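Me: Please take a close look at a single part of this model, and then follow its surroundings outwards, one neighbour after another. I would like one connected account that I can check against the display.

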Amino acid sequence: MPDLTEKKTSGDIPAQRTADAPAPKQEKARSLGSDAWHDLRRKPIFVISALLILLLVVIAIAPGLFTSVDPRAGDLRNHYLTKPNYGSFFQADWFGYDLQGRSIYARVIYGARASVVVGICVTAGVTILGGITGMLAGYFGGWIDTIISRVTDIFFGIPLLLGALVILNAFTERTIWSVVFALVALGWTQMTRVMRGSVITVKQADFVTAAKALGAGTTRILFKHILPNAIAPVIVVATIALGGYIATEATLSFLGIGLQDPTISWGIDINSAQKVIRTAPFALFFPAGMLSLTVLAFIMLGDAVRDALDPKLR
Amino acid sequence: MAENILEVKDLVKHYPLTQGVLFKKQVGAVKAVDGISFELKKGETLGIVGESGCGKSTLAKVLMNLERATSGQVLFKGEDISQLSGAALKSVRRNIQMVFQDPYTSLNPRMTVGDIIGEPFEIHPEVAPKGDRRKAVQDLLDVVGLNPEYINRYPHQFSGGQRQRIGIARGLALKPEIIICDEPVSALDVSVQAQVINLLEQLQSEFELSYMFIAHDLSIVRHISDRVGVMYLGKMVEIGSDEEIYDNATHPYTQALLSAVPVPDPAARESRDRIILSGDIPSPANPPSGCRFRTRCWKAEDRCAEEIPLLAVPTVLKGAAAHDSACHFPEVRVQAAA
């Protein structure tokens with residue numbers, strides 16, 4: 001929008017009418033969102049976690065930038081205790097080899113993709129599904145709320161690992177997408193609850209009543225008034241949960257019910273490394289360390305975002 | 001006087017009380033508004049006073065069609081609007097708008113002032129053509145005494161009084177004929193209250209608005225109102241011009257309410273004689289039989305428990321005291337020493 005302060009001077013405005021208005025200042029209008037962003041940029045925790053996540057995403061998109069070694073190529077002459085090849089930078093197998101002679105470094109790099117894809121897709125899935133159901137339950141109430149809330153309770157009662165075991169066993173071939181499906185199916189209820197509570201709070205605000213009094217339709221009220229004001233807690237929970245979904249994917253893969261071998265996942269590598277933990281602890285350390293770092297980055301990001309979005313601190 | 005722009009006839013709003021989770025059974029009702037009739041004339045300000053929980057805000061919501069009336073009629077220029085829905089209701093909304101009590105929750109914090117005041121135009125595109133909207137919003141800001149350059153600001157950058165002006169501008173956008181003000185100044189500082197009240201009066205003469213002004217501050221209601229209605233427990237107990245109510249109140253509840261108005265002069269405060277009501281306001285789910293005020297009234301007799309007093313001009317009273325009052329024993333209270 002054009003900036004009016006440039007064109008007009010304050011002298012044009014009738015003096016007696018601007019009784020409780022301070023003199024106009026040449027300042028940019030700042031929304032609550034841009035205020036939050038302004039706060040975030042100054043937080044070291046946010047900057048560190050955001051950089052880490054950025055690095056992870058780059059690794060996930062283009063693992064070839066970080067190593068030119070094929071993570072699936074196993075040379076059976078190499079094993080845990082072989083001295084790694086420190087040749088040229090991109091060829092180096094920094095962390096040694098696993099049982100089948102594959103480069104641990106290359107596998108850690110390539111394993112990021114599964115984690116990041118599962119984390120982001122599951123979060124997107126639960127946010128959309130939970131957001132819609134939570135908004136419907138919270139806004140309309142009545143029998144819609146009763147049905148959605150009871151279904152939520154039922155899903156909440158299913159133990160995550162048991163439920164995932166049942167769902168994933170139904171797939172003949174388990175890919176990243178089957179893991180995403182299982183986690184979304186079991187995880188959406190958390191977002192439904194957060195969204196429902198948040199919508200119930202917002203819908204009682206006077207500005208919603210005012211919009212109704214103006215004759216606004218349900219769509220306008222939901223998407224212009226309720227959603228923008230109710231979404232903050234969902235974003236916070238989603239960011240923190242993202243790390244949790246990555247950890248859950250690794251757990252499932254570790255237990256052998258998640259991703260399967262041609263796919264590279266930190267969970268699978270942790271599983272194979274734990275058998276040799278006494279002789280070669282570093283084989284466990286690197287995939288597990290990357291996993292912890294990733295989860296930590298997302299949880300730190302969620303914390304920073306919560307601090308910035310929480311209106312009570314403002 | 002001018003014609004009636006709004007007529008309310010036997011308006012009732014009951015909220016059902018239910019028991020049971022799956023099979024809901026109605027066990028009673030909260031009688032928030034229980035048979036209220038009054039009329040609002042064009043260009044007039046009708047003040048509605050009463051203590052908290054007497055149904056003032058419910059009345060406003062029912063008039064705005066934000067809550068469906070249980071029974072009764074709301075006639076806008078002779079047409080019953082209380083049962084309208086869909087497009088017909090939407091077009092009626094252009095004529096009746098509302099100003100809210102709390103300027104902090106009545107403006108969407110995620111929208112700019114321009115979007116908030118421009119929203120009525122988006123909902124009713126026929127009021128202002130698309131190209132003129134920005135200009136229309138700036139005109140409205142100017143009308144309510146805000147700098148039109150503030151159009152891109154967000155509500156949290158304004159003070160309470162300024163926010164209330166934004167709320168008034170939003171109410172004015174559709175050029176309504178009636179504005180219902182639900183305690184529009186009770187959340188503001190006293191100095192800012194005066195500014196907002198003056199703004200409302202100025203807008204009334206400028207745009208020929210009719211106000212229904214709900215408040216619990218009796219002196220502000222007296223200042224702004226042409227007529228005043230007093231509510232108690234979902235019923236209108238007395239209604240009349242401001243002199244009739246403030247100087248010649250005949251209903252005991254009105255008299256008690258008026259005697260509670262703070263007096264700034266300590267000497268006068270000592271000498272005046274206050275009516276102190278005993279007890280609390282009864283539950284609107286189970287109101288007393290007959291006259292609802294009888295449980296707290298010093299004049300109550302057996303007749304008050306049996307017979308519901310009607311809101312009508314009592315025959316025993318003459319002159320300024322002769323106005324609608326729902327009491328079996330109406331009389332003007334004689335002040336001990338004024």
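Reply: A residue is called buried here if 20 or more other C-beta atoms lie within 10 Å of its own, exposed if 12 or fewer do, and partly exposed in between. By that cut-off, 41% of the 314 residues of chain A in this predicted model count as buried. Chain A has ten helices and zero strands, and among the contacts in this chain with a separation of 6 or more, 70% are between residues 24 or more positions apart.

The part to look at closely is helix α7 of chain A, residues 206–214, which is mostly covered, with nine of its nine residues buried. The buried residues run from D206(A), F207(A) and V208(A) through T209(A), A210(A) and A211(A) to K212(A), A213(A) and L214(A). Just after this helix, G215(A) takes a positive phi of about 95 degrees. The surroundings of α7(A) come from both chains: its buried residues pack against α6 (176–203) and α8 (218–254) of chain A, and also against α2 (86–93), β6, α3 (113–123) and α5 of chain B. Several of these neighbours can be followed further.

On the chain A side, α8(A) leads to helix α10 (residues 281–309), since the axes of these helices come within 8 Å and cross at roughly 175 degrees. With angles over 145 degrees counting as roughly antiparallel, α8(A) and α10(A) are therefore roughly antiparallel to each other. Residues of α8(A) in this contact include A232(A), I235(A), V236(A), T239(A) and G243(A), and those of α10(A) include L291(A), T294(A), F298(A), G302(A) and R306(A). By class, the residues of the contact divide into 15 nonpolar, four polar and one charged.

On the chain B side, one of the neighbours of α7(A) is α5(B). Helix α5(B), residues 160–172, packs in turn on helix α6(B), residues 190–207, at an angle of about 20 degrees and with the axes 10 Å apart. Angles under 35 degrees count as roughly parallel, and α5(B) and α6(B) are therefore roughly parallel to each other, in a crossing that is right-handed. Here α5(B) contributes G160(B), G161(B), Q164(B), R165(B), I168(B) and L172(B), while α6(B) contributes V192(B), Q195(B), V196(B), L199(B) and L203(B). These residues divide into six nonpolar, four polar and one charged.

Another chain B neighbour of α7(A) is the strand β6(B), which belongs to an open sheet of six strands in the order β6-β7-β8-β3-β9-β10, with mixed pairing. Strand β6(B), residues 96–99, is an edge strand of that sheet, as is β10(B), residues 235–241, and each pairs on one side only. From one strand to the next, the twist averages 20 degrees. Within this sheet, β7(B), residues 178–182, and β8(B), residues 210–214, pair in the parallel sense over five bridges, with I178(B) opposite S210(B).

From β3(B), another strand of this sheet, the path goes on through the loop between β3 (45–49) and α1 (56–63) of chain B, where E51(B) lies. E51(B) is partly exposed, with 16 other C-beta atoms within 10 Å, and apart from residues up to four places away in sequence it touches H216(B) and I281(B). By contrast with those contacts, I224(B) lies 19 Å from E51(B), C-alpha to C-alpha, and is 173 residues apart from it in sequence.

Beyond the loop, α1(B) brings in an open sheet of four strands in chain B, ordered β2-β1-β4-β5 and paired in the antiparallel sense. Its edge strands are β2(B) and β5(B), residues 79–80, each pairing on one side only. On this sheet packs α1(B), which touches β1(B), β2(B) and β4(B), and its direction makes about 75 degrees with that of β2(B). Strand β1(B), residues 4–19, pairs with β2(B), residues 25–41, over 13 bridges, among them the one between T18(B) and Q26(B). Five bridges join β1(B) to β4(B), residues 71–76, also running antiparallel. V8(B) is a useful residue to display here, with F38(B) as its bridge partner in β2(B) and V74(B) as its bridge partner in β4(B).

Notes. Residues are numbered from 1 along each chain as its sequence is written. Chains are lettered from A and ligands numbered from 1 in the order in which they are written. This is a predicted model: local features need pLDDT of at least 70, side-chain atom pairs count only at pLDDT 80 or more; totals for chains, interfaces and linings use all residues. Two strands pair if DSSP finds at least two bridges between them. Helices (H or I, at least four residues) and strands (E, at least two) are DSSP runs, numbered from the N terminus. Axes are lines fitted to C-alpha atoms, for helices over the stretch in contact, and angles run from 0 to 180 degrees between N-to-C directions. Angles under 35 degrees count as roughly parallel, over 145 as roughly antiparallel, 65 to 115 as roughly perpendicular and the rest as oblique. A crossing is left-handed if the near helix is turned anticlockwise from the far one by less than a right angle, and right-handed if clockwise. Two residues are in contact if their C-beta atoms, placed from the backbone, lie within 7 Å. Ala, Val, Leu, Ile, Met, Phe, Trp, Tyr, Cys and Pro count as nonpolar, Asp, Glu, Lys and Arg as charged, and the others, Gly among them, as polar.
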